[in-house]
Amino acid sequence: MEFVKCLGHPEEFYNLLRFRMGGWHKVIPKMDQDSLSSSLKTCYKYLHQTSRSFAAVIQALDEEMRHAVCIFYLVLRALDTLEDDMTISVEKKVPLLHNFHSYLYEPDWRFMESKEKDRQVLEDFPTYCHYVAGLVGIGLSRLFSASELEDPLVGEDTECANSMGLFLQKTNIIRDYLEDQQEGREFWPQEVWSKYVKKLSDFAKPENIDLAVQCLNELITNALHHIPDVITYLSRLRNQSVFNFCAIPQVMAIATLAACYNNQQVFKGVVKIRKGQAVTLMMDATNMPAVKAIIYQYMEEIYHRIPNSDSSSSKTRQIISTIRTQNLPSCQLISRSHYSPIYLSFVMLLAALSWQYLSTLSQVTEDYVQTGEH
């Protein structure tokens, strides 16, 4: 099915096919599970249960850094889960958070008092994003510097590190409007949405779709202000594994915002980038010139879709103009082929079917031989 979705995008088709045939090892090396201690195996098991996307990208890191980031993420995720639980009273929650570090040394410690979550209304958007994501960016940056894989400046510049986390967090919050509404959560900032409707849930009503899209565009414009810091941060990285780990989520977020911009579907269903598109980003975002080209591509997509009637249109154009000044190339990533898209897609489809056929034939043959042996 994913191959069919990519037929109109030859570059994605090629990369998805290459990825499925083992190309992913170059970006995300396979981890040797057998060499892990039992405690590390448990950590990675929880990591996969908690976040499949993060579990995948963390494998881009070198071994020692990979383990440190895995544990770092799990601890912060536990803290975040505890903090987000609105069924826990403040009187009980604050001591739990303050003493959480001590519980890490108590193997039998459990917290089993969480119940159904009440509706959450976010009142302080910038502060919330800083604590749940900005501090993660700062903590990771200090780990990179302390390991000497990166220069001290990477860990010292907390503003850029903070922006790395905020950009990802804001993107997730923007994209997940409908899902959060259905789950009883409200993360869109009240100081923004209250300019358009009385209740955040009103955006899901068909009669408010134009106002909803205007609010959406304003939030995306706000998130784009972090891109200059993202470019500065990534430009400082020297270790390839750290670069891949940091760059891949950022370009995914940029592509997601481009898909969401001025898109009514955010309020009607799920907006996701294509799997072939995601694979292409993963395989391309391994160096700074390529990352800049990706940023340029999606900034241009947004720029050409800015409605003149949009209340934040001038601000959107202004921030994109600012991003353009950061030495972004005036071209897209170089295509791998000069053949026509239809011809190339046909050849790739034929190759994919052939590979699938040969794989199946090989498996049948192996089963037949094993049966004969028995």
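Visitor: Is Arg 236 buried, partly exposed or exposed?

Guide: Keep in mind that this is a predicted model. Buried means under 20% relative accessible area and exposed means over 50%. Arg 236 comes out at 22% relative accessibility, so the label is partly exposed.

Visitor: Which residue does the side chain of Arg 236 meet in a salt bridge?

Guide: Let's start with where the two ends sit: Arg 236 is in helix 14 (residues 227-236), and the other end is in the loop between helix 9 (152-156) and helix 10 (158-175), so the pair ties together parts that are 79 residues apart in sequence. That other end has 17% relative accessibility, so it counts as buried. The two side chains meet at 2.7 Å, N to O, and the partner is Asp 157.

Visitor: How many salt bridges does a search of the whole structure find?

Guide: Side chains of opposite charge can pair when their charged atoms come close. Among the pairs here are Asp 176 with Arg 175 at 2.8 Å, and Lys 205 with Asp 202 at 3.2 Å. Searching the whole structure gives a total of 6.

Visitor: Is Asp 202 buried or exposed?

Guide: Its salt-bridge partner, Lys 205, counts as partly exposed at 37% relative accessibility. Asp 202 has a relative accessible area of 9%. The cut-off for that label is under 20%, so Asp 202 is buried.

Visitor: What kind of aromatic pair do Phe 144 and Phe 245 make?

Guide: The structure holds 11 aromatic pairs, this one included. Phe 144 lies in helix 8 (residues 125-146) and Phe 245 in helix 15 (residues 240-260), so the pair ties together parts that are 101 residues apart in sequence. Both residues are buried. Their ring centres are 6.1 Å apart and their planes stand at 85°, so the pair is edge-to-face.

Visitor: Which residues form one aromatic cluster?

Guide: Start with Trp 188 and Phe 203, a tilted pair with 6.1 Å centre to centre and 55° between the planes. Both of them are buried. The cluster they belong to is made of Tyr 177, Trp 188, Phe 203 and Phe 267.

Visitor: Where is Asp 32 found?

Guide: Asp 32 helps form a negative surface patch, along with Asp 34, Glu 63 and Glu 64. Asp 32 has a relative accessible area of 47%, so it is partly exposed. As for its place in the chain, Asp 32 is in the loop between helix 2 (10-27) and helix 3 (38-50).

Technical notes: Residues are numbered from 1 along each chain as its sequence is written. This is a predicted model: local features need pLDDT of at least 70, side-chain atom pairs count only at pLDDT 80 or more; totals for chains, interfaces and linings use all residues. Side-chain values use heavy atoms; hydrogens and water are left out. Patches are made of residues with over 30% relative accessible area and no salt bridge: like charges are joined within 9 Å, nonpolar side chains (Val, Leu, Ile, Met, Phe, Trp, Tyr) within 5 Å. Accessible areas come from the Shrake-Rupley method with a 1.4 Å probe; for residues, only the protein chains shown count as cover. A salt bridge is a side-chain nitrogen of Lys or Arg within 4 Å of a carboxyl oxygen of Asp or Glu. Lys and Arg count as positive and Asp and Glu as negative; His and the chain ends are not counted. The place of a charge is taken as NZ of Lys, CZ of Arg, CG of Asp or CD of Glu. Helices (H or I, at least four residues) and strands (E, at least two) are DSSP runs, numbered from the N terminus. Buried means under 20% relative accessible area, exposed over 50%, partly exposed in between (1.4 Å probe, protein chains only). Rings of Phe, Tyr and Trp (its six-membered ring) pair if their centres lie within 6.5 Å; planes under 30 degrees apart count as stacked, over 60 as edge-to-face and the rest as tilted.
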